[in-house]
Amino acid sequence: MSLYKPFLDYALDFLQTKFACTAYPIPPGCGEKSALVGKGAHQHTVKTTSYALQTDKLRQIRAAHVEGGSNLQVLNFVIFPRLAYDLPFFGADLVTLPGGHLIAIDMQPLFRDDPAYQAKYTEPVLAIHQRYQALLPWGGDFPAEAACFFSPAFLWTRPKETEVVQTVVFQAFQEYLQKYGEFVERAEPVPAVKRPLIAAAQQRYLDYRAAKDPARGMFTRFYGAEWTEAYIHSFLFPQESVEL
Ligand code: DBV
């Protein structure tokens, strides 16, 4: 059972149909990683597979897909726009662990407190957010220091039933991505003087996510610290990519 494979397939297909995508290079060793975990009858494989694309406006579209049985399924899907565009990040963290499902979907703003930015990139998403958040239980507390990276349209839930993930959450994921696709389609390059501000905002985001990746513990247990740090810093949240 691969709970998030339909999400991954939808996203890659949607983006490749709508935009001219080319491969984004995946660093050596990051493409696929497997480990045998657990003991005796509980022993099983945990496999992580990486996907990455780029377009003229999006510098990295990337997914990490973790499959380790029905109690361990993760899809972390992020889009980093090129620095010539003020587009938000698309971020989806779809997580199933023995404790249950955890879902975070958002278009994460570069300039959260700028009213013009909110009007452009958050207000158009609020109706979608309200429609789905009303159908889903609130996800509860999350790290306070992460709050500034989320938009007011942050969909955050811990659904009890797997069926809700397959239906309501899947539908929400598709609508968020479709709306993001509209933003990308309409995006025009910003004047060169604004690009350092965009680069700085992207750098803050990458630094935070690389430092605080909630998957670090999980990956380290399965694959060791060396692989995990290389994966986080060279593939999931690559630092070198933000240079102007
Ligand atoms: N999260 C990632 C990547 C993952 C991943 C790259 C490839 O950023 C998985 C895997 N997220 C993942 C896992 C957990 C979470 C939790 C395995 C569970 C950790 C655990 O319980 O041990 C949104 N993800 C979370 C949480 C949040 C998010 C708020 C709960 C964290 C907590 O309670 O400490 N998305 C995540 C996040 C940001 C974001 C923190 C920050 C900007 O965009």
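Helix 6 spans residues 216–223 of this predicted model. Its buried residues are Arg 216, Met 218, Phe 219, Phe 222 and Tyr 223. Around the helix axis they cover an arc of only 165 degrees, so they lie on the same side of helix 6. The spacing follows a simple rule. An α-helix has 3.6 residues a turn, so residues three or four places apart point the same way. Just after helix 6 comes Gly 224, which takes a positive phi of about 90 degrees.

Phe 222 also has a charged partner. The charged end of Arg 221 sits over the ring of Phe 222, 5.9 Å from the ring centre. A similar arrangement involves Arg 62. Its charged end sits over the ring of Phe 237, at 5.1 Å from the centre.

Rings also meet other rings. The count comes to 30 aromatic pairs. One of them joins Phe 90 and Phe 173. Their ring centres are 6.1 Å apart, and the planes make an angle of 75 degrees. That angle makes the pair edge-to-face, because planes over 60 degrees apart count as such. Where do Phe 90 and Phe 173 lie? Phe 90 is in strand 6, residues 89–97, and Phe 173 is in helix 4, residues 162–186. The two parts are 83 residues apart in sequence, so the pair ties together distant stretches of the chain. Both Phe 90 and Phe 173 are buried.

This pair belongs to a wider group. Ring pairs link Phe 90 and Phe 173 with Tyr 4, Phe 7, Tyr 10, Phe 14, Phe 77, Phe 170 and Tyr 180 into a cluster.

Now step back to the whole chain. It has 7 helices and 8 strands. Its C-alpha atoms fill a box of roughly 60 × 40 × 35 Å along the principal axes. Is the chain compact or extended for its length? A compact globule of 244 residues would have a radius of gyration near 18 Å. The chain has 18 Å, so it agrees with that expectation.

Burial and contacts add to the picture. Of the 244 residues, 53% count as buried. Among contacts with a separation of 6 or more, 64% come from residues 24 or more positions apart. The pair of Phe 90 and Phe 173 bridges parts 83 residues apart. What does the chain show on the outside? It exposes about 11300 Å², and carbon and sulfur atoms supply 57% of that area.

Note on methods
Residues numbered from 1 in each chain as written. Predicted model: local features only at pLDDT ≥ 70, side-chain atom pairs only at ≥ 80, totals over all residues. Heavy atoms only, no water. Buried < 20%, exposed > 50% of the residue type's maximum accessible area, 1.4 Å probe, protein only. Helix = DSSP H or I, 4+ residues; strand = E, 2+ residues; numbered from the N terminus. Arc of directions from axis to C-beta. Phe/Tyr/Trp six-rings, centres within 6.5 Å; stacked < 30°, edge-to-face > 60°. Lys NZ or Arg CZ within 6 Å of the ring centre and 35° of its normal. Rg over C-alpha atoms; globule rule 2.2 N^0.38 Å. Contact = heavy atoms within 4.5 Å. Areas by Shrake-Rupley, 256 points an atom, 1.4 Å probe, with all protein chains shown as cover.
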